[in-house]
Amino acid sequence: MAVCETCGNDYYMAFEVRTVGGGSHTFDSFECAIHKLAPVCEHCGTRIVGHGSEVSGRFYCCAHCARSADAAAGSEIRDAVGAYPG
């Protein structure tokens, strides 16, 4: 069994996540992995689970947060959700 590095649970179905930088992390759930590894939106503070948006080296969960935090740079960001061609 392995111990989750976020919550400390010793769980027989724990899994390991390896990062590009060579780090290795052990978790008992995706929730714990997200809590430990996912970046935080610099506007609203939510964990960024999807692709998110990066503007000038800052990460946001969506285009709305990017525009709210940095109107000039954020105005270049577009959400694909609900967008229709034409």
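Is Phe 30 buried or exposed? In this predicted model, Phe 30 counts as exposed, with a relative accessibility of 62%. That makes a handy way into a little story about aromatic rings.

The count of aromatic pairs comes to three. Let's look at two of them, both involving Phe 15.

| Aromatic pair | Centre to centre | Angle between planes | Type |
|---|---|---|---|
| Phe 15 and Phe 27 | 6.3 Å | 50 degrees | tilted |
| Phe 15 and Phe 30 | 5.2 Å | 40 degrees | tilted |

Where do Phe 15 and Phe 27 sit along the chain? Phe 15 belongs to strand β3 (residues 15–18), while Phe 27 is in strand β4 (residues 24–27). They are 12 residues apart, so their pair links distant parts of the chain.

The pair with Phe 30 also links distant parts of the chain. This time strand β3, home of Phe 15, is joined to helix α1 (residues 30–37), where Phe 30 is found, and the two residues are 15 apart.

Put these rings together and you get one aromatic cluster of Phe 15, Phe 27 and Phe 30.

How about the surroundings of each ring? Phe 27 is buried, at 0% relative accessibility. Phe 15 is partly exposed, with a relative accessible area of 24%. Phe 30, at 62%, counts as exposed because that value is over the 50% cut-off.

Definitions and conventions:
Residues numbered from 1 in each chain as written. Predicted model: local features only at pLDDT ≥ 70, side-chain atom pairs only at ≥ 80, totals over all residues. Heavy atoms only, no water. Phe/Tyr/Trp six-rings, centres within 6.5 Å; stacked < 30°, edge-to-face > 60°. Helix = DSSP H or I, 4+ residues; strand = E, 2+ residues; numbered from the N terminus. Buried < 20%, exposed > 50% of the residue type's maximum accessible area, 1.4 Å probe, protein only.
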